[in-house]
Amino acid sequence: MPPLPNAELVQSSVQLYRYLLRCCKHLPEENIRQHYRHAIRQSFKVHADEDNPERIQQIIKRAIEDADWVMNK
């Protein structure tokens, strides 16, 4: 499955959060969707105090790559 459109436009943590939750909607089973939604929420809580813009961009890039991998699995 190709990545969702506009992945390259994700620049902020809120945009990333919305993008990842939209990706979850395309997963085949409800229990898998719940698992990844929970993982997304937890990850955002862990990184909520991150204030280094460079590090934030690294996290965004890695999260999109991971989402693409999960979607193609």
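**Burial, helix spans and a pocket**

Modeller: Valine 70 touches Leu27 and Tyr36, leaving aside residues up to four places away in sequence. The model is predicted, and valine 70 is found in its helix H3.

Colleague: What makes these count as contacts?

Modeller: The criterion is heavy atoms within 4.5 Å. Leu27 and Tyr36 meet that criterion with valine 70.

Colleague: Why is valine 70 called buried?

Modeller: Its relative accessibility is 15%. The cut-off for buried is under 20%, so valine 70 counts as buried.

Colleague: How far is valine 70 from cysteine 23, C-alpha to C-alpha?

Modeller: The separation is 9.2 Å, with their positions 47 residues apart along the chain.

Colleague: How do you know that the length of H3 agrees with its number of residues?

Modeller: H3 runs over residues 53-72, which is 20 residues. At 1.5 Å a residue the helix should span 28 Å, and its end C-alpha atoms lie 29 Å apart, so the two agree.

Colleague: What makes the buried residues of H3 a face?

Modeller: The buried residues are Ile59, Ile60, Ala63, Ile64, Ala67, Asp68, Val70 and Met71. Viewed down the axis of H3, they fall within an arc of 170°, and therefore line one face of the helix. They pack against H1 (13-24) and H2 (30-46). Glu54, Lys61, Arg62 and Trp69 are exposed on the other side of H3.

Colleague: Why is asparagine 52 called a cap of H3?

Modeller: A side-chain oxygen of asparagine 52 lies 3.0 Å from the backbone nitrogen of glutamate 54, at the N-terminal end of H3. The limit for a polar contact is 3.5 Å, so the pair qualifies on distance.

Colleague: How do you know that the length of H1 agrees too?

Modeller: Its twelve residues should span 16 Å at 1.5 Å a residue, and the end C-alpha atoms are 17 Å apart, which agrees. Leu16, Tyr19, Leu20, Cys23 and Cys24 are buried in H1. Seen down the axis of H1, these buried residues occupy an arc of 145°, so they line one face. What covers them includes H2 and H3, while the face turned away carries the exposed Val14 and Arg18.

Colleague: Why is arginine 33 called buried?

Modeller: Arginine 33, in H2, has a relative accessible area of 17%. Buried means under 20%, so the term applies to arginine 33. Its side chain reaches the backbone oxygen of leucine 27 at 2.7 Å. Beyond four places in sequence, arginine 33 touches Cys24, Lys25, Leu27 and Pro28.

Colleague: What makes isoleucine 40 buried?

Modeller: A relative accessible area of 10%, set against the limit of 20%. Isoleucine 40 also lies in H2. Apart from neighbours within four places in sequence, isoleucine 40 is in contact with Tyr17, Leu20, Leu21 and Cys24.

Colleague: Which helix gives the most to the lining of the largest pocket?

Modeller: H3 does, with eleven residues. The lining has 25 residues, of which Leu16, Leu20, Ser43, Phe44 and Ala63 lie nearest the centre of the pocket. H1, H2 and H3 each supply at least two of the lining residues. The volume of this pocket is about 590 Å³.

Methods:
Residues are numbered from 1 along each chain as its sequence is written. This is a predicted model: local features need pLDDT of at least 70, side-chain atom pairs count only at pLDDT 80 or more; totals for chains, interfaces and linings use all residues. Side-chain values use heavy atoms; hydrogens and water are left out. Helices (H or I, at least four residues) and strands (E, at least two) are DSSP runs, numbered from the N terminus. The expected span of a helix is 1.5 Å times one less than its number of residues. Buried means under 20% relative accessible area, exposed over 50%, partly exposed in between (1.4 Å probe, protein chains only). The arc is that of the directions from the helix axis to the C-beta atoms. A polar contact is a pair of N or O atoms within 3.5 Å; within protein, one must be able to donate a hydrogen and the other to accept it, and residues adjacent in sequence count only if both atoms are side-chain atoms. On a 1 Å grid over the protein atoms alone, a cavity is a set of points where a 1.4 Å probe fits but cannot get out, and a pocket is an open set with protein on both sides within 12 Å along at least five of seven lines; lining residues have an atom within 4 Å of a point. Grid points are joined across faces, edges and corners, and a volume is the space filled by probe spheres set on the points.
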